[in-house]
Every structure is written in structure tokens, then in C-alpha cells.
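The following explanation leads through one protein model, taking strands, helices, cysteines and charged pairs in turn. The sequence and coordinates are shown first.

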Amino acid sequence: MTNDNYCIGVDFGTDSVRTVIADTTNGQEIASATFEYPRWRSRAWCNAREHRFRQHPLDHLEGLESTVRECLENAGPQVTAAVRAIGIATTGSTPIAVDRSGTPLSLHPQFADDPDAMFILWKDHSAARQMEAINAHAKKFPVDYLKYSGGIYSSEWFWSKLLYVIRTNEMVRRSCYSWVEHCDWIPFVLTGGADAEEIRRSVCAAGHKALWSPEWGGLPPAEFFYSLDPFLTVYSTLYNRTWPADAPAGTLCPEWAAKLGLSTKVIVSIGALDAHVGAVGGQIEPYYLSKVIGTSTCDMLVAPPAEVTGKFVPGICGIVQDSIIPGMVGMEAGQSAFGDIFAWFKNLLTWHRQEPSDDLLTQLAAHAAALPVGEETELSIDWFNGRRTPDADPSLKASITGLTLASDAPSIFRSLVESACFGSKSIIERFTDNNIPVKGLIGVGGISRKSPFVMQTMADITEMDIRISASEQTVALGAAMFAATAASIYPNVEKAMEKMGRGFDRTYLPNTANSRRLRRQYAQYKALAASQTQTLASTQTLASTQTQKDTIFGP
């Protein structure tokens, strides 16, 4: 016998799309499927040295169709007939230029191989100069349009990326009609959208990545953008109204209903960013930091509006009501690289192999865990993809210090793990230093389930308990929870979390002795980080001074 209500959750990650069908009575996973992006795997439109990471929309469309159909085939016709809604989560800020119909330019032949016509992935930092221009420009206005964004706009976000493309690619600038986040485009496609101005925009992406706020009636006014760059005419095609992820975007259009094998009555909910959706799938609670840990980290916190109104946390990624749980204020922080650091080290060690050993990181963790804790040897800084929070700065670089002839792979690996966890601790301190308490941690995502060594180190360094979500697909499950709410199966997201949440299957407790030893290491980490930041600032000042001289007097 089958339940009458099932929902599909789709999680568009960095490397793949993952889809689940969830039983809305208990959150049980009925079927799941994963699709690795073939074009992304080739890295044809990426250049890590230039901080450029782009994805082709066909990877996403093909992955969506493939995973949903596979799930439905595995679940069977009875479940298929009882699917009520689809929820969408994507990485972000991952925007793309579209034409008047809302079609990405890269789906047109003349832009098929143009990186600037593709999705600009969340970790793309090619817009560092545009970020600086926006931050300097914002200081000219009496209204502080950055105050809900931590006071610093990031190169990872919507307007920096848009400004980069319009200033560097005339063809795309002339041909694009509007810009859209990945999480807004997928529901638009599924519901048969044909007009870019009718795209329903997520409050999650708009508030955390695009300067949207009810305080100024939506996006900052046209004057802010046109005085920044007169070519920002795309502003007129954008939006002021937004929707939370528990609202319906519409129903499946006939074309996509046929592609997926579903009814046109199936509801599609408003999309949202994967970390926010994963926090819901992981049953986030007020003042517990939900750490979605993968290639990077996103740290999510929710609080009742009455308790945090007027409180601002400088250097984080936004304070936005309704962005995580509708009715709550959502706050986001995070690290630009976490799992990416360990993947880099693995690739470094295995550069000569075509097929690196899958269990290398497991072996490294086992050897690193056996090393004495808190010895003053190797020390690393985790800024392998710049710093997201506290205080976004993509120009910062990672480092490994204290190397000797006794340094080996496990000891260096341990220093990298500690540096990533030190970065997490600095985020917690930024919240608590600004009167936002953090009561504990919730671990969500692949690393939280796959690496006991990393999670125990995290507990020891942060000196906090870490509960690990039992779900293997927390983001996709969170998307299914939002879908169930959009379909009115549940009255609100909290009820969906209560009924569909999978709970926690392990807890990491701090080792008091290790925590005490690691406090000294953390103090050294902060001192080294401060030193590197000051050195970079001095170098940039000298370079700026020389540029000014060259401009006035010639080289």
C-alpha cells in the first residue's frame, strides 16, 4: 500500500545533481539518483588560476531529466501517480545572462562556447575588481545598502558577476535581456516560463546575494546601479517582489511533465540556495549553527525576528527574513573552500596518476588522527579560494608554515584540517562577538558523514557538540519539505521538518584535553592570518601608488 503524497527534491550541487523521492509522512527516501555533469567534468570553460568556474545549462537540464526519470522508474507507477510537488535547491550565487524569453544565451549557437554566457558558479572569483568597485561605490550613498550583507559585498555574488560580464564581454552585454539565479531559472523552466520578466525570484538568493531588502522596497534604486555603470540597463528587467521557498512557482508545463513522466498538476515550489535548503533538511533550530559541509561550507543560523531586529553581524553573508525558515530571520556565513582543500592535497599527492586512489584521504585521516594534538609544528591558513567570512576578500591566499624535513603527508594533512576548522571557529566568534549566541552545531553534507576525523577535530577546536544529520541527501530532502509545504500537505515548513526530518544518528563531543592544546594553535592561526592580511594590504597599497604614478608620469 502506498501513501497518497510523495514529493521530489532536487539538489543541483557543484559536481552533480542529486534527486530523491520522499514519503511526506516520514521523510523516508523511496528512490534516489545522481547525475555527474559531463561538460563540467571536462572543465572546458574553467581556469582555476584565473578563478573562473563556469557551468553549461545543458548539464543541469540533462541531469534534471535523467535523475527524476530514474527515481520514478525505481519507485514504480503507484508512487509516480502520487507525486504532488517538486522542490529545487541550487548552488549560489550562480547567475546567468538570458534573453527576453528567459533562455540562457549559451543555449544559442553563437554563445555555445562563451564562458560569460554560462552559469557563473558560486566559487567563481573573476569579479574581484568589480566587487571592489561596488564596495567603494556604496560608501557614496546616505543609505547603507550593504548593512544586511555584512557590510562587504562579495565577488561571489550576483551584482559583481553581472558587472564583470558587462564590462568585459560586449557581445553578451548587447545580447542579454536580463540575469537570473540558477535557483530561480529551474522552476521557471519547469513551469513553462517564456518571459524573463515573469521569473519568480527567491527571497533567499535576492536577500543574501543581490542586496534586496524590504527596508528600501526591494533592490536598491536605479540611481545606485546606473551611477555605478551606465551599462547596467539590465536593472530595469529585474524585480522588487520576491517569494519564500515554501510558495508555489506554478505547476509542471506539458513539455516537462512529458519529459519527466509526471502530471501537469504537480506543483513546483520556489527555488532556493542549497545551503539554506539543506539547513531545513537537517532540522535547523534557532541559534544552532547548521554547517553544510562540502567543497565549501555554508553556515546557517535562524532566530526569531523580535530577538534580533536591529542586530547586524559585520562580515557575514547576509541577514534576511524568510530566507531559511519563513517567519524567521536567516543568517549565512561560510568558507570558500573546505572539502576543496583536501581534494587539492589529494590531487597534489597523486598528480602522476590517472586514477588516484579513492581511499587516500581515509588513509591520511587515519595516520593524522594518530599524531599528537597541539604540537607546534605545521600550521596552515585555509584561504585556498580566498576568504568568504568573516570579511569577504577573494585576494587572500592560503599558506602552510612550520615545514621541516620531518614534515610528512599526514602531518601536513592534519594542519590543513585544523586550518579549515579554525576558519569555522572564527565564524562562530564573529556571531558571538556581535551578540548572536551559538548554542551548538549541526553537521550536514558529505564530509560531516564521511570523515569522523574532520568532525572530531571540528568539535575539539570549536569546543561544541556537533549533531550529524542522519539523512544522506539532506539538501534534496529539504527541497522535498519545501515542496510538501507549497503543495499544502503541511501548513508550514516547521511542521514538514517535524514529520519528514530524519533526525541525527551521531554526535561528536569535544575532547577537553585536545581542546585545551588546540587553543594555543588557534591563537597562532589568528596571528598568522592577521600578519598575512596586513602584508597583502601593504602590497596592494604600494601597487596602487605605483599605478597612480604611472598614470600621471608614464612608465
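In this predicted model, strand β12, residues 288–293, runs antiparallel to strand β13, residues 297–303, and four bridges join the two. Within this pairing, V292 has C298 of β13 as its bridge partner.

The two strands belong to an open sheet of seven strands with mixed pairing, ordered β14-β15-β13-β12-β18-β19-β20. Which strands stand at the edges of the sheet? They are β14 (319–321) and β20 (504–508); each has a single partner strand, so one side of each is left without a neighbour in the sheet. On average, and with direction ignored, neighbouring strands of this sheet are turned by 25 degrees against each other.

Two helices can be described relative to these strands. Helix α11, comprising residues 274–281, lies across β12, β13, β15 (329–335), β18 (440–444) and β19 (466–469). The direction of helix α11 makes an angle of about 60 degrees with β13. Helix α15, comprising residues 409–433, lies across β12, β13, β15 and β18. For helix α15 the angle is given against β15, and it is about 150 degrees.

The cysteine in β13 leads to the matter of disulfides. How many disulfides does the structure hold? The number is zero. For C46, the closest cysteine sulfur is that of C298, and the distance of 19 Å is too far for a bond. C298 is likewise in no disulfide: the nearest cysteine sulfur, in C317, is 7.0 Å away, whereas a disulfide requires two cysteine sulfur atoms within 2.5 Å. Both C46 and C298 can also be placed by their accessibility. C46 counts as buried because its relative accessibility is 15%, under the limit of 20%. C298 is buried as well, with a relative accessible area of 12%.

Charged side chains provide a further set of connections, and the count of salt bridges comes to 24. One of them is formed by R39 and D59, whose side chains meet with an N to O distance of 2.8 Å. R39 lies in helix α1 (residues 38–42) and D59 in helix α2 (residues 57–75), so this salt bridge ties together parts that are 20 residues apart in sequence. Are the two partners buried or partly exposed? R39 counts as partly exposed at 23% relative accessibility, while D59 counts as buried at 0%.

A second salt bridge joins R100 and D195, with the closest N and O atoms 2.3 Å apart. R100 is placed in the loop between β6 (95–98) and β7 (119–120), and D195 in the loop between α7 (182–190) and α8 (203–209), so the pair ties together parts that are 95 residues apart in sequence. R100 is partly exposed at 41% relative accessibility, whereas D195 is buried, with a relative accessible area of 19%.

In a third salt bridge, the closest N and O atoms of R519 and E463 are 3.0 Å apart. This pair links distant parts of the chain, 56 residues apart: R519 is in helix α20 (residues 512–553), and E463 is in the loop between α17 (452–462) and β19. R519 is partly exposed, with a relative accessible area of 46%, and E463 is partly exposed with 34%. Beyond these pairs, R449, E472, D505 and R506 are joined into one network by salt bridges that share partners.

Methods:
Residues are numbered from 1 along each chain as its sequence is written. This is a predicted model: local features need pLDDT of at least 70, side-chain atom pairs count only at pLDDT 80 or more; totals for chains, interfaces and linings use all residues. Side-chain values use heavy atoms; hydrogens and water are left out. Buried means under 20% relative accessible area, exposed over 50%, partly exposed in between (1.4 Å probe, protein chains only). Two strands pair if DSSP finds at least two bridges between them. Axes are lines fitted to C-alpha atoms, for helices over the stretch in contact, and angles run from 0 to 180 degrees between N-to-C directions. Contact means heavy atoms within 4.5 Å. A salt bridge is a side-chain nitrogen of Lys or Arg within 4 Å of a carboxyl oxygen of Asp or Glu.
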